Amino acid sequence: MTPEERERLIDSLIDGEIDEADFLRIEAEMSVDPEVRALYYNRLKLDLLLQREARGGVDDSESGVAQVVAPAAAISPAAPVNILQRRLTGIFAVLAATVLGFVAWSVWNPESSRLGSPAGLAGKLEPTAAGFAILHGQSDAVWEGDPLATGSLVPSGPLRLLSGVAQIELFSGVRMVIEGDAQFVVQSAMLVQLDRGRARAQVPEAARGFRVQTRHGDLIDLGTEFAIDAGDEAARVEVLTGEVELHGQGAARQRVLEGDAWQLSEAGVSERSDSDSLQVIGPDAFERQLSSQQVDQRRRWQQRVASMREDDRLIAWYQTQQTSADGRQLPNLAQSDSQTAGAAAIVACQPSSDRWGQAGGALDLSRTGSRIRVDVPGEFGSLTMLCWVKIHSLDRLYNSLFLTDGHELQEPHWQIMNDGRLFFSVKKFDGSEGKRRRPDKYNFYSPPFWDASLSGQWIMLATTYDVQARRVSHYFNGEEIGSEAIPADYLVPRVTIGPASIGNWSEPMYRTDPQFVVRNLNGSLDEFVLYSSALSGSEIAELYRLGNPAR
């Protein structure tokens with residue numbers, strides 16, 4: 001982008017006359033180039049000072065520094081001011097703009113500022129998450145309260161596994177299988193409080209000293225694999241390999257070697273008199289069991305998909321593990337009589353493991369330029385877009401799920417904002433109508449659903465565009481998270497798609513220069529489904545239940 005073009009786009013942005021494509025271009029420039037940001041703030045300050053002069057020098061507090069240093073996307077377009085008049089403004093305005101530009105530079109570039117505390121800045125800028133362990137897997141697990149998702153951080157505080165089996169992986173490297181009914185707290189990466197229930201832990205050398213705390217005393221690992229059954233009367237311990245040290249409530253300590261069985265009770269540390277072995281499945285065996293279950297569940301899901309392929313509402317169903325012989329196309333599994341899309345083309349994507357754990361069963365879209373190209377003919381009254389994705393991070397302002405080329409009239413866009421909100425729109429007006437007096441589309445946002453704790457987890461997202469009910473609804477893992485009525489002025493009764501990209505935006509398809517906005521999804525795609533109607537909440541919940549490998 002030349003300096004002259006950059007200045008023109010900034011002036012158009014401030015005047016409120018910029019179109020979406022140019023807005024995205026200058027937005028991308030400002031996100032990576034501090035000089036462009038400084039130029040934007042200087043010109044914006046100039047614009048605000050002129051408005052103040054036009055009002056007779058009245059100081060409007062809402063037009064102060066706080067408004068100026070807000071991100072471009074959050075600032076309402078100012079009243080149009082003649083560009084030549086701005087450029088002839090006196091030196092005092094330039095000096096004021098220079099000072100404000102330094103303030104803006106400090107906000108946009110905290111690492112260059114020495115005015116604040118580095119620790120404080122890091123706390124504000126870096127994402128955080130709470131927990132000391134990951135829920136690595138679960139089988140028939142029933143939790144008290146809200147269910148825990150496989151792959152999620154194990155929350156702090158007391159947890160109760162009513163039934164089933166769960167495996168947690170602590171940040172120290174300890175792998176622990178817990179059987180319900182169990183009550184426990186992950187106190188740290190090196191300490192688990194087990195109030196009740198049976199568990200088996202595999203402890204690497206790097207985690208020597210790992211401790212399990214019971215009501216009757218503590219178990220301290222010395223590099224081993226052990227099983228423990230914590231009850232009201234005693235905590236029974238069995239060492240499978242290596243050794244542990246038991247600490248009773250008094251001063252008593254006892255080393256327990258491989259093959260030995262002891263217990264902790266109110267009486268202290270004692271050798272167990274019973275000969276019953278603690279039959280708790282180990283981490284390795286549990287993972288093999290989960291893998292076998294996922295294979296069976298995936299087979300049932302494929303059988304279910306086969307029965308749904310003839311749904312008249314189905315436009316496209318792409319499964320990324322089902323590719324053509326050359327591995328560069330995805331067949332459309334939809335077999336309805338209605339007009340459907342053809343095969344999808346794979347561009348620059350890399351194979352990755354799918355949500356069922358199969359190597360090469362999904363496509364990684366993290367590489368810049370990667371995408372899945374489709375062409376969807378016809379017009380549709382309503383839509384449902386649904387996909388299974390694994391997101392590593394939301395490091396673009398817009399993170400693409402499904403975007404049509406160019407976003408022409410009647411075309412939908414579906415993406416994720418960098419703050420974790422789903423975004424959906426259908427373009428209603430062209431850019432010339434009303435000279436931008438009103439937006440060309442209405443944007444439907446969900447509440448934030450994604451944060452860093454979901455990184456690397458497979459999730460199902462869906463959005464419905466219901467023309468009959470005049471409503472857009474967003475879904476996360478089968479549950480509705482937001483719904484909004486479509487304003488009458490922005491209802492598009494017939495939606496068109498045409499050429500489009502899954503997981504990216506193909507702006508370079510209609511531009512003559514090589515620059516483009518980076519919108520590819522930093523993550524992987526396992527499945528994408530498109531319906532010509534708005535599925536009900538119960539239908540979406542059922543699709544999640546059937547297609548969830550962790551249930």
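This passage describes the helix α1, an eight-stranded sheet, the aromatic contacts and the nonpolar cores of a predicted model.

Helix α1 covers residues 3-15, 13 residues in total, and spans 18 Å between its first and last C-alpha atoms, close to the 18 Å expected at 1.5 Å a residue. Its buried residues are Arg6, Leu9, Ile10, Asp11, Ser12, Leu13, Ile14 and Asp15. Gly16 follows α1 and has a positive phi, near 75°.

Eight strands form an open sheet in the order β14-β15-β18-β27-β20-β21-β22-β23, and the pairing is antiparallel. The edges are occupied by β14 (329-330) and β23 (444-445); each has a single partner strand, so one side of each lacks a neighbour in the sheet. Within this order, β27 is followed by β20. Strand β20 (residues 398-404) and strand β27 (residues 495-502) run antiparallel and are joined by three bridges. In this pairing, Phe402 stands opposite Ile502 of β27.

The aromatic pairs number 12. One of them, formed by Trp301 and Trp317, is tilted, with 6.1 Å from centre to centre and 50° between the planes. Trp301 belongs to helix α8 (residues 283-308) and Trp317 to strand β13 (residues 314-319), so the contact ties together parts that are 16 residues apart in sequence. Both partners lie under the 20% limit for burial: Trp301 counts as buried because its relative accessibility is 3%, and Trp317 counts as buried because its value is 1%.

Further ring pairs link Phe429, Tyr442, Phe444 and Tyr490 into a cluster. Residues 444-445 constitute the edge strand β23, and Phe444 is a member of this cluster. Tyr445 has a contact of another kind: Arg421 lies over the face of its ring, at 4.3 Å from the ring centre.

The largest nonpolar core comprises 48 residues, and Trp414, Leu461 and Tyr465 have the most contacts inside it. Strand β19 (residues 383-391) supplies the largest share of this core, namely five residues. A second core, separate from the one above, contains 36 residues, among them Ala133, Ala182, Leu194 and Val256.

Note on methods
Residues numbered from 1 in each chain as written. Predicted model: local features only at pLDDT ≥ 70, side-chain atom pairs only at ≥ 80, totals over all residues. Heavy atoms only, no water. Helix = DSSP H or I, 4+ residues; strand = E, 2+ residues; numbered from the N terminus. Expected span 1.5 Å × (residues − 1). Buried < 20%, exposed > 50% of the residue type's maximum accessible area, 1.4 Å probe, protein only. Pairing = 2+ DSSP bridges. Phe/Tyr/Trp six-rings, centres within 6.5 Å; stacked < 30°, edge-to-face > 60°. Lys NZ or Arg CZ within 6 Å of the ring centre and 35° of its normal. Core = buried A, V, L, I, M, F, W, Y, C linked by side-chain atoms within 4.5 Å.
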